[in-house]
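Good morning, everyone, and thank you for making time for this short talk. I would like us to look at one structure together and to go through a few of its parts slowly.

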Amino acid sequence: LWQRCLTHIEARLPEKDINLWLRPLEADFTDEGLDLMAPNEVVRDQVERELRTPIANALNDLGAVPKRIRVLVGGGQKPRATESEPAAAPPTSRHNLDSRYTFESFVQGKSNQIARAAAEQAANPDNMAYNPLLIYGGVGLGKTHLMQSVGNRLLDTNPRAKVAYVRSEHFVNEMITAIRHNRMDRFKAHYRSLDALLIDDIQFFANKDRSQEEFFHTFNSLLESNQRIVITCDRFPKEVEGLEDRLKSRFSWGLSVAVEPPELETRVAIMLSKADYHGITLPQEVAFFIAKRVRSNVRDLEGALHRLKASAQITGTPITVDFAKQALHDMLAVYDRLVTLENIQRTVAEYYKMRLADLLGKKRTRSVARPRQIAMALAKELTNHSLPEIGQGFGGRDHTTVLHACRKVKELRETDARMEEDYANLSRILTS
Ligand code: ADP
Ligand code: MG
C-alpha cells in the first residue's frame, strides 16, 4: 500500500521532495493507523510540515483512510511521536484540534488584533454576540491558528464541550461518504449535536451545491439553537464565486473580521516566538534580516526558520545573518524580486501624485524632496540593495544622500504622525 501511495504522490510532487523526504520513510500500517518512520528529525519535521496532507490525500484517493498518521523518528528505542492528527476522522470522533494553536502562542500586532479580540470573545461561551464569527484574509496569516485557539480555549473552559474543527474539504468528503453509505442521518445528527463548529476555508464550498445545501441547513440549525460557529475564508465571502448568495448573507450575520499581513515588528516577534518554541537559537538581527524580506506570509517565515534549523543542524554552525543569507539564498531571492526600486519609485510618485521624473530629478523643494527621501528609505527597508545601489537607482545620487534620507525619514516618522502614516501606507501597498 505504501508503494502505491508513493507512486500516487509521485505524479503530484516534485521529484526532489520525493527523493529527499519520502523515500527515506518506512511505513508501518497498524490497527491504529499509519506510522511513518523517519531516519532523523530533519526529515520528520519536513514531512510533518509539508507532506502530511499529500500523503493523507493520496491514501484517501486509494480508498485507504488510516485513523491517524504519525511521523516518528525511527530506530531502536521507543519512537517519539509528534503531532498526530487523524487523517480523516469518522464523524463521531474527537475534536481534531492542534493543541499548539492557542491564543497564548499567537503573536498580536496591528494586523491581527481585531481578529484576535473577536476570536477571544467567540471563545467565551457566555458571549454569543458574535455568532457566527467569520475570519477572512490571505494564506498563512493565522486564520486557522486563531480559529483553533477558539476551540482549544472552549475545551479548556469546559473539557466536555463538543467542539469540532473541520476543514471544508473534509466536510465535503465526509458528506459524500455519508451519502454513499446511507448514513446522512448520522452525519446530520453529529453536526447538529455540537456545541461549537469551527469550519475552515469555506471557499472550498464554491461550486459544490449539495455540500452548500447541507452546510446551509447545518448552519441554520446550529445558529437557531445558539451553538457557536466560527468560519474562515481566504477572502471576503461575497467575493467567492460559486458560493450561494444565501450562504454569503448568512455568513455575515455575526461579525466579520480580517487578518492582514503582519507588519515588520510583528513578523520579528513571531519568528522569535517560534524559534523559542522549537528551541532554536535565533539572534534578533537574523530575525530582522529574514522578516524584512519575507513579508506577506507567516507560514513562509516559519518555513525559513525550519530551513535554518535544518541547515544549522547538518552543518553544526550557529545561525548568523551571513549563514541565513546562504541557507535561504533561493527563498530570499524570490522575495527580493517582488519589490524593486522601480516599483517603489512608481508607487511613491503615484501616492504623492507627482511625476516620476521629479522624484528622480534634481529639484530640492520640500514637496519633491520628502517623497524622494521616503522612497529611498523604503528601498533600504524593503529591498536587498546597498546604499550605493539605491543612490544609483535614484538618478545617480551618492550613498551618503541615501543614508541621510533614511535617517531623516526615521526621525520624521517618530515625530510626525502624518509622515508615519504615509510611510506605513506605502509600505503596505508595496508589500501586500
Ligand atoms: P491561515 O489559516 O490563515 O492560512 P495559519 O493559521 O495556518 O494561516 O498560519 C500559518 C502559520 O503561521 C501557522 O503555523 C501559525 O501558527 C503561524 N502564525 C500565523 N500568524 C501568527 C501569529 N500572529 N502568531 C504566531 N503564529 C502565527
Ligand atoms: Mg488555514
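I will begin with a sheet, then turn to a helix that lies across two of its strands, and finish with a pair of helices.

Please keep in mind throughout that this is a predicted model.

In what order do the strands of the open sheet come? There are five strands, arranged as β6-β7-β8-β5-β9, and their pairing is parallel. At the edges we find β6, residues 163-167, and β9, residues 255-258, each of which pairs on one side only. If we ignore direction, neighbouring strands in this sheet are turned by 15 degrees against each other on average.

Let us look at one pair within that order, namely strand β5, residues 133-136, and strand β8, residues 228-233, which run parallel and are joined by four bridges. Here Y136 stands opposite C233 in β8.

Now for the helix on the sheet: α6, residues 168-180, lies across β6 and β7, the latter being residues 196-200, and α6 runs at about 95 degrees to β6.

Finally, how do helices α17 and α19 pack? Helix α17 covers residues 366-382 and helix α19 covers residues 399-415, and they pack at an angle of about 95 degrees with their axes 8 Å apart. Because angles of 65 to 115 degrees count as roughly perpendicular, α17 is roughly perpendicular to α19. On the α17 side the contact is made by Q373, I374, M376, A377 and K380, while α19 contributes V402, A405, C406, K408 and V409. Sorted by class, this contact has seven nonpolar, one polar and two charged residues.

Note on methods. Residues are numbered from 1 along each chain as its sequence is written. Chains are lettered from A and ligands numbered from 1 in the order in which they are written. This is a predicted model: local features need pLDDT of at least 70, side-chain atom pairs count only at pLDDT 80 or more; totals for chains, interfaces and linings use all residues. Axes are lines fitted to C-alpha atoms, for helices over the stretch in contact, and angles run from 0 to 180 degrees between N-to-C directions. Angles under 35 degrees count as roughly parallel, over 145 as roughly antiparallel, 65 to 115 as roughly perpendicular and the rest as oblique. Two residues are in contact if their C-beta atoms, placed from the backbone, lie within 7 Å. Ala, Val, Leu, Ile, Met, Phe, Trp, Tyr, Cys and Pro count as nonpolar, Asp, Glu, Lys and Arg as charged, and the others, Gly among them, as polar. Two strands pair if DSSP finds at least two bridges between them.
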